Structure formats: structure tokens, C-alpha cells
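Here's a quick tour of a predicted model. Have a look at the chain below, then read on.

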Amino acid sequence: MIIRSWGARGSIAVSGPQYDKYGGDTACLEVRTKNDQIIIVDAGSGIRRLGNRLRKERRSTFTMFFTHSHWDHILGFPFFKPIYDPATRIELFGCPMTTGNMVQLLAGVMKPPHFPVPYGEIEAAVHYQGVCAESLLIDSVSISSIPLSHPNLGAGFRFDEDGRSLVFLTDNELGHHHRGGKTFEEYTNFSRGADIFIHDAEYTPADYRKTKSWGHSCYPDALRLALAAGVKRFGLYHHNQDRDDAGVDAMVADCQRLAQEAGSDLEVFGVTQDSEFTL
Ligand SMILES: [Zn+2]
Ligand SMILES: [Zn+2]
């Protein structure tokens, strides 16, 4: 399994030299199975660059999932060039219970007067499956999901292939219960033993005094989950739009220090918009 992040920023895309290391694009994750099938999670602004790469590789068949329908996870969709190619086939999965009907939501993004090309004019064949299966198999990768603790609901995902696993829990607030969210223990069980664990860690404890209940975790809470679940590598994700590279570096360093104090050899890093992992 190859995993590529195409955007790690939360809420809104940013640019500028202070964001060079972690990048300014919002959420988009690519998972390639060992047989080179392509799974895409979320269509934040990062999906534009992914689309350009897939065009270059002449790839036209994809499976897509969405964690939820907030802007930073869907607004890149109209800029994903493969949707304007009649050769493109997209198997689109959505869970109406958590994300709503994804076709309607994506069509809403492109609805006049918000975008010049309406959804009805895209040329890709999109096959929508609005199912909430607890787990399903795409090629050699087994995918399971769990509801997020987040305003307006959402889903987190776990990808398992040949005993290796990735857990992707963005926009998940561990310090506050949102309607439909799960308990800390349930998120721990879901994430158990993951080789790579990517979790929302948007806030510092100082930020969190005023941002509690906004739908994102402060990093010590996400670290606590990483340690409880015994994951191997913990990637901080959904970087705040005002947090520069030095700010994210400081959070990563503090997590690493706290993990060592707890007697763990957990590896901590900040996910960038160009991170790549092979499992
Ligand atoms: Zn978000
Ligand atoms: Zn969100």
C-alpha cells in the first residue's frame, strides 16, 4: 500500500513562505493498493495536484470516499481534471447517515452561481453507492469506517492490507462529544496497532480554551489516543490556517517529548501536503 497526502491544511487553503514545509492545500489522501488500484479520500484543494498527476499517468479509474462535506474536504472537486474526461470512471462511496448524499453535495458545490460548469456537465461516469457498510474490500485493501465526533457528522477510515494498516481520523474532536460521535475507547479500538495513524491535531491546549466544541482536537488528546491504541507512527493533521511551519514543528516536538516521557518509542511527525508512505 502506498499512501500519499495531497493536502494537510484544515479549513481553508493558504499560501506563503511560512507554509513551505507543511503546505497550504486542504485535505486529500491517495491510497494505492499493492495491485495499483487508486482510492481517493476527500477532495480538498489538494485534489487538483493529484488530478494533474493522474492525467500524466493516464489513469482513469478511481474509487472515492469522503470523510464529510465541509468545504475544506470538497471544494477541490471541480478542479479535479479527470472529471472532464469521458474515459474516467469513478466509484463514489458515501454514507448518507454521516456525509449526506455525496452526489447532491458535489453538485451543490458546482451549482450556479457558485461555479461556471454545473455538475451535470462533467463527463466522467460516476457510479454512486450510498451505503454505510462497516467494512468493504477494494482490491486487496479492506476499508472500515467509524463515525467522527464533529459538527454535521462524518466518517473516519481504516485501511488494512496484508497485515499493514493506516488509520485516517481527520476532523475528529476527542475532547468534546458531538452528536453521533464515538467514545475515546471506541476510537482506541478502531485505531489499535495501526502502522500509520493520522489524526486531527489542529489546536494547542492554549487555543483549545476558546475553540473547544469547534470540531477539532488539541494535540495532547490526539497523542493520548495514539499511545492508548499502540500505533507505530502518529501524524499530526488538519493544520490550522494561521499556524506557520515553526508552529507545527513545535507541536510535533512537544508530542515527541510527551511520548518519550510516557516511556513510548512512538514516532511523531507532521503530515505535509507531499507526504508519502509505503506499507
Ligand atoms: Zn476540515
Ligand atoms: Zn470538518
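The largest nonpolar core holds 69 residues, and Leu166 and Leu236 have the most contacts inside it. A nonpolar core here is a set of buried Ala, Val, Leu, Ile, Met, Phe, Trp, Tyr and Cys residues joined through C-beta atoms within 7 Å. Helix α6 gives the most to this core, with five residues. In soluble globular proteins, nonpolar side chains tend to be buried together.

This is a predicted model, so local features need pLDDT of at least 70 and side-chain atom pairs count only at pLDDT 80 or more, while totals for chains, interfaces and linings use all residues. Residues are numbered from 1 along each chain as its sequence is written, and chains are lettered from A and ligands numbered from 1 in the order in which they are written.

Who sits around Leu236? Setting aside residues up to four places away in sequence, leucine 236 touches Ala201, Tyr219, Ala222, Val248, Met251, Val252, Cys255, Gly270 and Val271. Touching, or being in contact, is when two C-beta atoms, placed from the backbone, lie within 7 Å.

Some of those partners lead us to helix α7. Val248, Met251 and Cys255 are buried in α7, and they cover an arc of only 60° around the axis, which puts them on the same side of the helix. That arc is the one made by the directions from the helix axis to the C-beta atoms. An α-helix has 3.6 residues a turn, so residues three or four places apart point the same way. On the other side of α7, Ala246, Ala253, Arg257, Gln260 and Glu261 are exposed. Buried means 20 or more other C-beta atoms within 10 Å of a residue's own, exposed means 12 or fewer, and partly exposed is in between, with C-beta atoms placed from the backbone. The cover over the buried residues of α7 includes α6 (219-229), β12 (233-237) and β13 (267-270).

How far apart are the end C-alpha atoms of α7? They are 24 Å apart, which agrees with the 24 Å that the 17 residues (245-261) should span at 1.5 Å a residue; the expected span is 1.5 Å times one less than the number of residues. Just after α7, glycine 263 takes a positive phi of about 80°.

Now the whole chain. It has seven helices and 14 strands, counted as DSSP runs numbered from the N terminus (helices H or I, at least four residues; strands E, at least two). Of its 279 residues, 47% count as buried. Along the principal axes, the C-alpha trace spans about 55 × 40 × 35 Å.

A few backbone oddities sit in loops. Most residues other than glycine have a negative phi, and most peptide bonds are trans.

| Residue | Backbone value | Loop |
|---|---|---|
| Arginine 58 | phi near 60° | between α1 (47-56) and β4 (61-65) |
| Proline 113 | omega about 5°, cis bond with proline 112 | between α3 (102-109) and β6 (125-129) |
| Asparagine 152 | phi near 70° | between β8 (141-147) and β9 (155-161) |

Arginine 58 counts as exposed because it has 7 C-beta neighbours inside 10 Å, whereas asparagine 152, with 16, counts as partly exposed.

One last loop residue is lysine 182, between β10 (164-169) and α4 (184-191). Beyond its neighbours within four places in sequence, lysine 182 is in contact with Ile146, Pro147, Ser149 and Tyr187.
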